[in-house]
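Visitor: Please take one part of this structure and look at it closely with me, step by step, and then show me how the rest of the chain compares.

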Amino acid sequence: MRQTGSSGPQGFVVQPRRLPKAEASVRVQDFGEIIVKPTTENVEVQAGRCTDCGVPFCQNACPLQNNIPDWLGLSAEDEMREAWRIASATSTMPEICGRICPQDRLCEGSCTLNQSGWEAVTIGSVEAFIGDTAFDNGWVEPIRPLHERGQSVGIVGSGPAGLAAADRLRGQGYQVTIYDRHDRPGGLLIYGIPGFKLEKRVVQRRTDRLAEGGVEFVLNCEVGKDITLDQLRAKHDAVLLAMGVYQARALQAPGVGPGSTVAALDYLIHQNRRDLGEQDGGWHHAKGRDVVVIGGGDTAMDCVRTAVRQGARSVTCLYRRDRDNMPGSAREVANAEEEGVIFEWLGAPKALMSRDGSTSAVRAARMALSEPEFGKRRDIVPVPGGDFDLPADMVIEALGFEPEAFADHSPELSLSQWNTVAVARGGFATSLPGVYAAGDAVRGASLVVWAVRDGQDAAAEIDRYLKAQAEGVAA
């Protein structure tokens with residue numbers, strides 16, 4: 001344990017956890033990030049709480065296997081440039097993951113301090129600070145390949161998996177083109193995640209770095225409509241499918257019809273476009289309305305917290321299981337509660353009620369969890385006579401996402417039983433030669449940090465494939 005105090009070692013001393021978060025009453029006034037940028041002194045103290053425990057449980061819990069104890073130790077000693085060098089060695093976007101990873105379920109949840117009854121080191125906050133400091137001081141080096149290669153890679157999707165792969169492949173000298181259906185690169189990072197978790201400038205500087213390094217972005221281009229996969233294969237030496245899963249699961253209940261609900265992603269995209277300076281006349285706004293968000297994942301938390309900032313009269317999250325079984329981050333639930341969101345646990349939507357042709361309430365069934373069985377998730381069963389109504393003139397569906405029918409225009413592309421892209425065991429190669437897939441396209445809806453990991457690993461596999469192809473031609 002690192003010691004504190006000016007008079008030398010004083011025994012086993014643990015500094016309290018301090019996360020510089022804005023007060024709820026202040027942060028709900030706008031869409032700025034709720035984590036206030038810490039001072040260098042604060043970062044040193046919090047990073048110095050790391051016990052350097054010998055077995056890096058935090059690193060083992062990180063999908064990227066980041067060398068967390070190393071850059072925490074360096075941060076505690078104000079060696080920020082070296083901390084950045086180590087952090088960026090395993091991650092193409094530390095400053096983004098530091099902001100949006102559910103650290104409470106990953107590194108911080110496994111922190112030795114946390115496991116032993118103390119609060120975890122503020123790993124995410126320190127990681128974001130390291131990245132921001134690197135950008136502010138010009139330590140983030142431009143992409144300048146030592147050798148330009150004659151081969152090219154087409155990447156479908158400019159979300160975290162696509163951006164991570166592009167970074168690594170361009171660094172190896174490949175010509176990289178990213179195709180995306182939206183008018184800006186960034187995918188989920190730009191349009192799906194609210195600014196109070198990730199300000200758009202943070203994503204913009206990453207995509208700017210890629211563009212300045214020679215990555216070409218072809219925007220407003222939907223693969224399968226504007227260009228086919230076969231055309232991409234003919235144009236490039238390899239193709240990476242890194243599109244996300246954006247097909248929303250629909251609520252099936254009496255009263256649900258056109259205009260009766262709002263899709264979560266549509267709702268978030270509209271607000272994010274507003275944050276980017278666009279004036280969209282048809283956007284969804286919660287001001288003065290009773291909002292009910294149905295769902296319990298991180299997208300549902302993004303929606304309820306957005307509705308609060310838009311000035312909703314009331315915001316309720318309706319979830320069919322209890323708090324302990326929420327699929328979303330416990331940290332996000334706590335943030336939402338601090339901001340005034342009401343949670344109706346163990347409530348399942350049963351019907352939408354209407355008045356004068358407009359939705360007026362959600363009728364819900366009270367649920368109970370079944371008796372626990374070893375190795376099984378507890379079922380939910382309705383409580384007889386437990387129906388209740390929630391006032392709602394705006395209902396947002398946040399029930400999760402499924403893969404779109406990407407293979408419809410390329411029937412030779414094999415899919416899994418979940419309609420995700422099927423890849424070779426332990427790798428990223430699809431059933432089509434030279435075509436790879438990574439991120440949510442393979443996993444289904446998952447975490448940004450897993451998409452980054454997959455994008456980096458897929459880039460390494462594509463690099464090996466293209467080098468082998470080049471050697472074969474030379475031979």
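Guide: We need one pair of cut-offs before we start: a residue counts as buried when its relative accessible area is under 20%, as exposed when that area is over 50%, and as partly exposed in between. Please also keep in mind that what you see is a predicted model.

Let us take Glu-278 as the part to examine, a residue in the loop between helix α14 (264–275) and strand β7 (290–294). Its relative accessible area is 22%, and because this value lies between the two cut-offs, Glu-278 is partly exposed. If we set aside its neighbours within four places in sequence, Glu-278 is in contact with Asp-183, Arg-184, Tyr-191 and Arg-273.

With that case in hand, we can turn to residues that fall on either side of the cut-offs. Val-452 belongs to helix α18, which covers residues 448–474, and because its relative accessible area is 0%, which is under 20%, Val-452 is buried. Not counting neighbours within four places in sequence, Val-452 is in contact with Leu-64, Thr-92, Met-93, Cys-97, Pro-160 and Ala-164. Separation along the chain and separation in space are two distinct quantities, and Val-452 and Cys-58 give an example of both, since they are 394 residues apart in sequence while their C-alpha atoms are 18 Å apart in space.

Gln-115 is the opposite case: it is found in helix α8, residues 112–115, and its relative accessibility of 58% is over 50%, so Gln-115 counts as exposed. Beyond the residues up to four places away in sequence, Gln-115 touches Gly-109 and Ser-110. The C-alpha atoms of Gln-115 and Tyr-319 are separated by 28 Å, with their positions 204 residues apart along the chain.

Loops also let us consider the backbone. Most residues other than glycine have a negative phi. Asp-52, in the loop between α2 (40–47) and α3 (57–61), has a positive phi, near 45°. Asn-220, in the loop between β3 (216–218) and α13 (229–235), likewise has a positive phi, near 55°, and with 53% relative accessibility, which is over 50%, Asn-220 counts as exposed.

A helix can be checked by simple arithmetic, and α12 is a good one to try. Its 13 residues, 200–212, should span 18 Å at 1.5 Å a residue, and because its end C-alpha atoms are in fact 18 Å apart, the expectation and the model agree. The buried residues of α12 include Val-202, Val-203 and Leu-210, and also the charged side chains of Lys-200, Arg-205, Arg-206 and Arg-209. After α12 comes Gly-214, whose phi is positive, near 110°.

Finally, we can step back to the whole. The protein has 18 helices and 16 strands. Its radius of gyration is 24 Å, close to the 23 Å that the globule rule gives for 475 residues, so the protein is as compact as a globular protein of that length. Of these 475 residues, 53% count as buried, and among contacts with a separation of 6 or more, 70% are between residues 24 or more positions apart.

Technical notes: Residues are numbered from 1 along each chain as its sequence is written. This is a predicted model: local features need pLDDT of at least 70, side-chain atom pairs count only at pLDDT 80 or more; totals for chains, interfaces and linings use all residues. Side-chain values use heavy atoms; hydrogens and water are left out. Helices (H or I, at least four residues) and strands (E, at least two) are DSSP runs, numbered from the N terminus. The expected span of a helix is 1.5 Å times one less than its number of residues. Buried means under 20% relative accessible area, exposed over 50%, partly exposed in between (1.4 Å probe, protein chains only). The radius of gyration is taken over C-alpha atoms; the globule rule is 2.2 Å times the number of residues to the power 0.38. Contact means heavy atoms within 4.5 Å.
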